[in-house]
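Here's a protein chain for you to explore at your own pace. Give the model a slow spin, and then we'll walk through it together.

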Amino acid sequence: MSNTKVLPLLEADGPAVAPCCPPLTERPMSAEEAETASRTFKALGDPVRLRLFSAVASHEGGEACVCDISDVGVSQPTVSHHLKKLKEAGLLTSERRGTWVYYRVEPSVLAAMGKLLAMPAAA
């Protein structure tokens, strides 16, 4: 019996994702919007965290066991610390299966970050 779950894909025409903030080109951010966005970017501002996030995002099936992504040049406790920071920022979700923890990129946050950084459509 398999514990594998099929996750729905986010289509470009699918459900709208409410970004934390307007696109950077739309108007200046408020202080609150800047605080919200900066938490996300701060979490990705560390090279180890960015490598871990990339390892999860690019892993087959869109999720990765911590046992598969821990080779980033730091100790296992440090990997756990960085994964915790990515979860706190809302970039990753996790699920424990037996003794292992599996991580997934939170698609709604990723889509919202993309909308924040998107260029306006050419008229």
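Let's begin towards the end of the chain, with Ala118, which sits in the segment after α5. Keep in mind that what you're looking at is a predicted model. Ala118 has a relative accessible area of 33%, so it's partly exposed; to count as buried, a residue has to be under 20%. Now look for Pro22. Ala118 and Pro22 are 96 residues apart along the chain, yet their C-alpha atoms are separated by 9.8 Å. If you skip the neighbours within four places in sequence, Ala118 is in contact with Pro23 and Thr25.

Time to zoom out. The chain has five helices and three strands. Follow the sequence along and you'll meet them in the pattern α-α-β-α-α-β-β-α. The chain has 123 residues, and 25% of them count as buried. How much area does the chain expose? About 8300 Å², with carbon and sulfur atoms supplying 58% of that. The link between Ala118 and the residues it touches also fits into a wider count: take the contacts between residues at least 6 apart in sequence, and 57% of them join residues at least 24 apart.

Next, find the helices α1 and α5. Their axes come within 12 Å and cross at roughly 105°. Angles from 65 to 115 degrees count as roughly perpendicular, so that label fits α1 and α5. Which residues make the contact? On the α1 side you'll find Ala37, Thr40, Phe41 and Leu44, while α5 brings Met113, Leu116 and Leu117.

Pick out Thr40 from that group. Thr40 is part of helix α1, and with a relative accessible area of 11% it's buried. Apart from neighbours within four places in sequence, Thr40 touches Ala89, Leu91 and Met113. Met113 is one of the α5 residues you just saw in the helix contact.

Phe41 and Leu117 turn up in another feature too. Together with Leu24, they make a nonpolar surface patch of about 280 Å². Leu24 comes from the segment before α1, the helix that covers 31–44. Is Leu24 buried, exposed or something in between? Its relative accessible area is 49%, so it's partly exposed; exposed would take over 50%.

Now swing over to another pair of helices. Helix α2 covers residues 47–58, helix α4 covers residues 76–88, and they pack at an angle of about 75° with their axes 10 Å apart. That angle makes α2 roughly perpendicular to α4. From α2, the residues at this meeting are Val48, Arg49, Leu52 and Phe53. From α4, they are Val79, His81, His82, Leu83, Lys85 and Leu86.

Hang on to Lys85, because it's also paired with Glu88: the two form a salt bridge, with their closest N and O atoms 3.7 Å apart. Where do these two sit relative to each other? They're three residues apart in helix α4, so about one helical turn separates them. Lys85 counts as partly exposed, at 31% relative accessibility.

That's one of seven salt bridges in the structure. To see others, go to Glu95. The side chain of Glu95 meets that of Arg97 in a salt bridge, at 3.5 Å from N to O. Glu95 also has a salt bridge with Arg104, at 3.7 Å from N to O. Are these residues buried or partly exposed? Glu95 is partly exposed at 22% relative accessibility, whereas Arg104 is buried, with a relative accessible area of 15%. Salt bridges that share partners tie Glu63, Glu95, Arg97 and Arg104 into one network.

One last stop: Cys67, in helix α3, which runs over residues 66–69. Cys67 is partly exposed, at 36% relative accessibility. Look across from there to Val101. Cys67 and Val101 are 34 residues apart along the chain, and their C-alpha atoms are separated by 8.2 Å.

Methods: Residues are numbered from 1 along each chain as its sequence is written. This is a predicted model: local features need pLDDT of at least 70, side-chain atom pairs count only at pLDDT 80 or more; totals for chains, interfaces and linings use all residues. Side-chain values use heavy atoms; hydrogens and water are left out. Patches are made of residues with over 30% relative accessible area and no salt bridge: like charges are joined within 9 Å, nonpolar side chains (Val, Leu, Ile, Met, Phe, Trp, Tyr) within 5 Å. Accessible areas come from the Shrake-Rupley method with a 1.4 Å probe; for residues, only the protein chains shown count as cover. A salt bridge is a side-chain nitrogen of Lys or Arg within 4 Å of a carboxyl oxygen of Asp or Glu. Helices (H or I, at least four residues) and strands (E, at least two) are DSSP runs, numbered from the N terminus. Buried means under 20% relative accessible area, exposed over 50%, partly exposed in between (1.4 Å probe, protein chains only). Contact means heavy atoms within 4.5 Å. Axes are lines fitted to C-alpha atoms, for helices over the stretch in contact, and angles run from 0 to 180 degrees between N-to-C directions. Angles under 35 degrees count as roughly parallel, over 145 as roughly antiparallel, 65 to 115 as roughly perpendicular and the rest as oblique.
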